[in-house]
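Trainee: Could you walk me through this protein? I'd like to go slowly and ask things as they come up.

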Amino acid sequence: VSQSRYRAMTQFRLSHPQEAIKLLDEALLFDSLNYNAYIKRGFVKGSVGNYQGELSDYNTVLKFDSTHVQAYLSRGSAYSKLKKYDLAMNDFNKVLMFDAGNYEAYNNRGFVKKALGDFDGACRDWTYSKKMGNQEAIIILKNNHCK
């Protein structure tokens with residue numbers, strides 16, 4: 001099963017997302033509780049604009065494991081792409097409830113706050129992310145003129 005996941009992500013990197021999805025489908029036939037395969041398949045589906053399929057894969061993981069941080073983080077990102085900011089905010093908050101040091105959740109939640117007009121809150125989240133050692137946050141803070 002891990003071979004299929006590895007081959008699938010290789011296909012994705014080679015710009016063959018449909019082949020990657022097919023390989024992940026096969027992996028899930030052998031192990032329907034392979035959370036990593038669902039996460040990866042959701043990511044690939046989202047990359048080709050299949051946002052409902054992406055959300056479905058993350059929801060499947062959360063149905064079996066309601067504390068799966070990566071599923072909440074990925075679903076929050078999908079909701080952000082769909083401009084469903086309240087749902088995205090809920091997911092990023094759950095990530096931080098389970099993993100208070102998750103700088104990616106702070107980054108992503110910052111972008112949601114910015115989209116909702118909470119510029120100060122966005123800058124605070126990006127600052128937390130920077131304090132956790134996230135180098136990307138330095139650029140985000142500068143590009144958004146945060147003090």
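Mentor: We can go through the overall make-up, then the charged pairs, the largest pocket and a few single residues.

Trainee: Okay, what should I keep in mind before I start looking?

Mentor: Please keep in mind that this is a predicted model, and that the values we discuss were computed from it.

Trainee: How many helices and how many strands does the protein have?

Mentor: The secondary structure comes to 9 helices and 0 strands, and read from the N terminus the elements run α-α-α-α-α-α-α-α-α.

Trainee: And what share of the residues counts as buried?

Mentor: Of the 147 residues of the protein, 44% count as buried.

Trainee: Let's talk about charges, then. How many salt bridges does the structure hold?

Mentor: The structure holds 7 salt bridges, and one of them is formed by Arg-41 with Asp-25, where the closest N and O atoms are 2.6 Å apart. Arg-41 lies in helix H3 and Asp-25 in helix H2 (residues 17-30), so this pair ties together parts that are 16 residues apart in sequence.

Trainee: Is Arg-41 buried or exposed?

Mentor: Arg-41 counts as buried because its relative accessibility is 13%, and buried means under 20%. Its partner Asp-25 has a relative accessibility of 31% and therefore counts as partly exposed.

Trainee: Which residue does Lys-45 meet in a salt bridge?

Mentor: The side chain of Lys-45 meets that of Asp-57 in a salt bridge, at 3.4 Å from N to O. This pair links distant parts of the chain, with Asp-57 in helix H4 and Lys-45 in helix H3, 12 residues apart. Both Asp-57 and Lys-45 are buried.

Trainee: What about Arg-109, which residue is its salt-bridge partner?

Mentor: Arg-109 forms a salt bridge with Asp-125, and their closest N and O atoms are 2.7 Å apart. Since Arg-109 lies in helix H7 and Asp-125 in helix H8 (residues 119-131), the pair ties together parts that are 16 residues apart in sequence. Both Arg-109 and Asp-125 are buried.

Trainee: Which residues are joined into one network by salt bridges that share partners?

Mentor: That network joins Asp-25, Arg-41, Lys-45 and Asp-57, so when you look at the two pairs we began with, you can view them as parts of one network.

Trainee: New topic. What is the volume of the largest pocket, and which residues lie nearest its centre?

Mentor: The largest pocket has a volume of about 210 Å³. It is lined by 13 residues, of which Phe-43, Tyr-58, Gln-70, Ser-74 and Ser-77 lie nearest the centre.

Trainee: Which helices supply at least two residues each to that lining?

Mentor: Helix H3 (35-47), helix H4 (51-64) and helix H5 each supply at least two residues of the lining. By class, the lining has 4 nonpolar, 5 polar and 4 charged residues.

Trainee: You mentioned Ser-74 there. How far apart are the C-alpha atoms of Ser-74 and Leu-55?

Mentor: Their C-alpha atoms are separated by 8.7 Å, although the two residues are 19 residues apart along the chain. Leu-55 is found in helix H4, and with a relative accessible area of 5% it is buried.

Trainee: And how far apart in space are Ile-140 and Asn-107?

Mentor: Ile-140 and Asn-107 are 8.5 Å apart, C-alpha to C-alpha, while being 33 residues apart in sequence. Ile-140 lies in helix H9 and counts as buried, at 6% relative accessibility.

Trainee: Back to the outside. Which residues make the nonpolar surface patch?

Mentor: Tyr-103, Tyr-128 and Met-132 make a nonpolar surface patch of about 280 Å². Tyr-103 is found in helix H7 (residues 103-115), and at 40% relative accessibility it counts as partly exposed.

Trainee: Last thing: what is the phi of Lys-83, and where is Lys-83 found?

Mentor: Lys-83 has a positive phi of about 60 degrees although it is not a glycine, and it is found in the loop between helix H5 (69-81) and helix H6 (85-98). This is worth a second look because most residues other than glycine have a negative phi. Lys-83 is also exposed, with a relative accessible area of 61%.

Trainee: And what is the phi of His-145?

Mentor: His-145, which is not a glycine either, has a positive phi of about 55 degrees. His-145 is found in the segment after helix H9 (135-143), and it is exposed, with a relative accessible area of 67%.

Note on methods. Residues are numbered from 1 along each chain as its sequence is written. This is a predicted model: local features need pLDDT of at least 70, side-chain atom pairs count only at pLDDT 80 or more; totals for chains, interfaces and linings use all residues. Side-chain values use heavy atoms; hydrogens and water are left out. Helices (H or I, at least four residues) and strands (E, at least two) are DSSP runs, numbered from the N terminus. Buried means under 20% relative accessible area, exposed over 50%, partly exposed in between (1.4 Å probe, protein chains only). On a 1 Å grid over the protein atoms alone, a cavity is a set of points where a 1.4 Å probe fits but cannot get out, and a pocket is an open set with protein on both sides within 12 Å along at least five of seven lines; lining residues have an atom within 4 Å of a point. Grid points are joined across faces, edges and corners, and a volume is the space filled by probe spheres set on the points. Ala, Val, Leu, Ile, Met, Phe, Trp, Tyr, Cys and Pro count as nonpolar, Asp, Glu, Lys and Arg as charged, and the others, Gly among them, as polar. Patches are made of residues with over 30% relative accessible area and no salt bridge: like charges are joined within 9 Å, nonpolar side chains (Val, Leu, Ile, Met, Phe, Trp, Tyr) within 5 Å. Accessible areas come from the Shrake-Rupley method with a 1.4 Å probe; for residues, only the protein chains shown count as cover. A salt bridge is a side-chain nitrogen of Lys or Arg within 4 Å of a carboxyl oxygen of Asp or Glu.
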